[in-house]
Amino acid sequence: MPEAPKKSLKATTTTTEDQYEYCLAEKNKAALEFIEDVTTNADEVQKKVLAEILTRNARVEYLHRHGLGGYTDRDTFKKLVPVITYEDLQPDINRIANGDTSQILCSNPISEFLTSSGTSGGERKLMPTIDEEMERRSLLYSLLMPVMSQSVEGLEKGKGMYFLFVKSEAKTPGGLVARPVLTSYYKSSHFKERPYDPYTNYTSPNETILCPDSYQSMYSQMLCGLVHNKEVLRVGAVFASGFIRAIRFLEKHWQSLCRDIRIGTIDPQITDPSVREAVSRVLKPDPKLADFVDGECRKDSWQGIITRLWPNTKYVDVIVTGTMSQYIPTLDYYSNSLPLVCTMYASSECYFGVNLNPLCKTSDVSYTLIPTMAYFEFLPVHKNNGTNSISVPKSLNDKEKQDLVDLVDVKLGQEYELVVTTYAGLYRYRVGDVLRVTGFKNKAPQFNFVCRKNVVLSIDSDKTDEVELQAAVKNAVNHLMPFDATLTEYTSFADTSTIPGHYVLYWELSQKGSTQIPPSVYEDCCLTVEESLNSVYRQGRVSDKSIGPLEMKIVETGTFDKLMDYAISLGASINQYKTPRCVKFAPIIELLNSRVVSNYFSPKCPKWVPGHKQWCNNKN
C-alpha cells in the first residue's frame, strides 16, 4: 500500500523562514507524489484495499452469514456478497445501536455512528465508524492544500475565514454517540489538537467553532473574521448555503459587530465563557477598523461585500455542486465573481476524493477518487426514455449485479451509482450518489457529481424525495375536508431567493362547499407538511435555522392545465406528460407565480428533538 504523506511540519521556534518554506514544499511534494502513486496504480491499490478489509473482518457475522469463509479475492466477494441499501443493513445497525458489541459488521469496535443527511423512515441513517477512519479523513484533508497551492500561490502567508459549526448529537440506547461526520471531526483531537499548519490557520478559534449555540458561534466567528480582515486569503463554509447565511447574518448584525471592534469587548449576548475568553485574545479596540467596516456595510449595495471587507481574498471555498449550484448567482454577487472552489467529495459513509483542478468552472468540477479510501464499485444508470430523469433500480436482478464495474473499468461519459465497501463495516453499500465519468488521472477516473438519487427538494443538507413529499401533502389536505375542498394538483419549488431558503408548495384546489377557507387552515396545512417531513428537514428548521418556514401558494383553477400546455409546447408528449412534483425552470416558476391568488406560511417550527424517534419513545 502506498505510504500516506506525513501530516505535520517539523518546524520549531529556531526554524528560519527559508527552512520553514522548504519543509512546507517537501510536505506538499509528498502529498502530490502520493496522489500520483495511488492513481497510477489504482487497480492494484483497490485489490489490496479489498483484501485488507476482508482479511481484517474475516470472522464478522455479516460476511459469515453470506458464506465468504475467509476468501479475500474480488471474484468470490462479488459472487457471494449482495449489493445492498440502508434498509437491508438496518436490522444489524439497530442491534449495534441497542448495545450488541459482538462482531456483527466489523472486527474493530464501532466507536460511534455518523448520522447521514439521507434518511430512512423519516430518521437520519446511522453509518458505523471506527477510530482509525479518522486517520483516513485526515489524510484526505491533508491533500487539499498541496493541490490548491499548485493553482494559487502564497496561501501559507495568511488565514482562512471558514464558518464551521457543530450540530447536535444524541446517544443510542446502547450508549454510542450519533452525530454528523463534521461534528465528529471538529470534536476530535485530530482537529482540536492539530499541530501548527499554515493551511489550517483559521480566523475562528476552536472554541467558537465548538460552541453549540448557533447564534453565539456565528457571531463570534464573524467578529474574529472581521478583526483579521487584512490577513484573510480565502473564505468559505462547508456548503454554499451556509456561507450565504453568514453574509446575511453580517447584514443583520454589523452594527453590533462594529461596536465590539470599536471598544474591544464582545457583546454581552455572547455568554459562553470559553468563547468570550477565546475572542478576547484577538479582540482589541480598533476604531479605524470599526469605521471601515461601518462605512462599507452602510452602503446601499452589498455587491462585492466579500472583496470589500476582506480585500485579499483569492477564492471562496464552498460546495456548489448538486443542489448547491442554485446558490452560485448569489455567491457571485457577494464576492465580485471570485473563483468558487469545490475541493473534496465526501459523505458520512466514506470520504471519497479530491478536485485536482480546483480553479475550474463550477460546471466542470470533477473529483478524483483516492483508491486507498475504500473499495469502490459502480452501478450503471440510464436516462428514462423521453425524459431527463435517471433510472436506478431499487433492487438488483442477477444481470444488474453483474453490470457493476470496478474503479478502473468505468467508461468515459457513462453515469453510475457509487457502491462502497469500507473498513468500518459497509459491504457493497449503495451510497445513492449518481456520478458521471469526465476523465482520468492516470488510471483513476474523475467524476462529476450529477445528483443524489430520488431527491426532489433541498435547501441545505436536507433531502426530500417525491414519496416523502407526497405523504406529507396527503396528511395536510385532511385540514381541507371540513370545507368540502380537495387538492386537484400540486408541485413544489426550493426557493433560495430568501435567506435562509424555504420550500414553496403550489396548490390548485377544487371547492364544492361555499364556506371560505380561513387563513389559519392553510397555515395548519403548512405546519402539517413540515411535521410530516424527515428529521433532517425539521432539524434545519428548529436547531440549525438553515431552512425558513414552508410557504403555500394557492393558484387559480386551470393553472396546471396551463403548465401542461407549456410543457407540450416545448416538445413533451401529451400521452407521457405527468405533473412534475418539483419545478426549477424559471419560465415555469414565473407561470405559476403569475397565477397565485393567496399565499401562507407555516406559523411555527415543527417538532424536533435530537436522536431517533424510537430512542425518545424508549426513554419514555
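Guide: Helices (H or I, at least four residues) and strands (E, at least two) are DSSP runs, numbered from the N terminus. This is a predicted model, in which local features need pLDDT of at least 70 and side-chain atom pairs count only at pLDDT 80 or more, while totals for chains, interfaces and linings use all residues. Residues are numbered from 1 along each chain as its sequence is written, and side-chain values use heavy atoms, with hydrogens and water left out.

Visitor: Where does Ser 366 lie with respect to β10 and β11?

Guide: Ser 366 belongs to the loop that runs between β10 (351-354) and β11 (367-369).

Visitor: Is Ser 366 buried or exposed?

Guide: Buried means under 20% relative accessible area, exposed over 50%, and partly exposed in between (1.4 Å probe, protein chains only). Ser 366 has a relative accessible area of 12%, so it counts as buried.

Visitor: With which side chain does the side chain of Ser 366 make a polar contact?

Guide: A polar contact is a pair of N or O atoms within 3.5 Å; within protein, one must be able to donate a hydrogen and the other to accept it, and residues adjacent in sequence count only if both atoms are side-chain atoms. Here the partner is the side chain of Thr 438, at 2.7 Å. Contact in the broader sense means heavy atoms within 4.5 Å, and, leaving aside neighbours within four places in sequence, Ser 366 has such contacts with residues including Val 354, Gln 446 and Phe 447.

Visitor: How do β11 and β18 pair?

Guide: Two strands pair if DSSP finds at least two bridges between them. β11 and β18 (residues 444-452) are antiparallel and share two bridges, with Thr 368 bridged to Gln 446 in β18. Strand β17 (residues 429-441) also pairs with β18 in the antiparallel sense, over eight bridges, and Val 437 stands opposite Phe 447 of β18. In the hairpin of β17 and β18, where two residues lie between the strands, Asn 442 takes a positive phi near 55 degrees.

Visitor: How many cavities of 30 Å³ or more does the structure hold?

Guide: On a 1 Å grid over the protein atoms alone, a cavity is a set of points where a 1.4 Å probe fits but cannot get out, and lining residues have an atom within 4 Å of a point. Grid points are joined across faces, edges and corners, and a volume is the space filled by probe spheres set on the points. The structure holds three such cavities of 30 Å³ or more, and the largest has about 140 Å³ of space. Among its 18 lining residues, those closest to the centre are Thr 115, Arg 124, Gln 539, Pro 610 and Gly 611.

Conventions
On a 1 Å grid over the protein atoms alone, a cavity is a set of points where a 1.4 Å probe fits but cannot get out, and a pocket is an open set with protein on both sides within 12 Å along at least five of seven lines; lining residues have an atom within 4 Å of a point.
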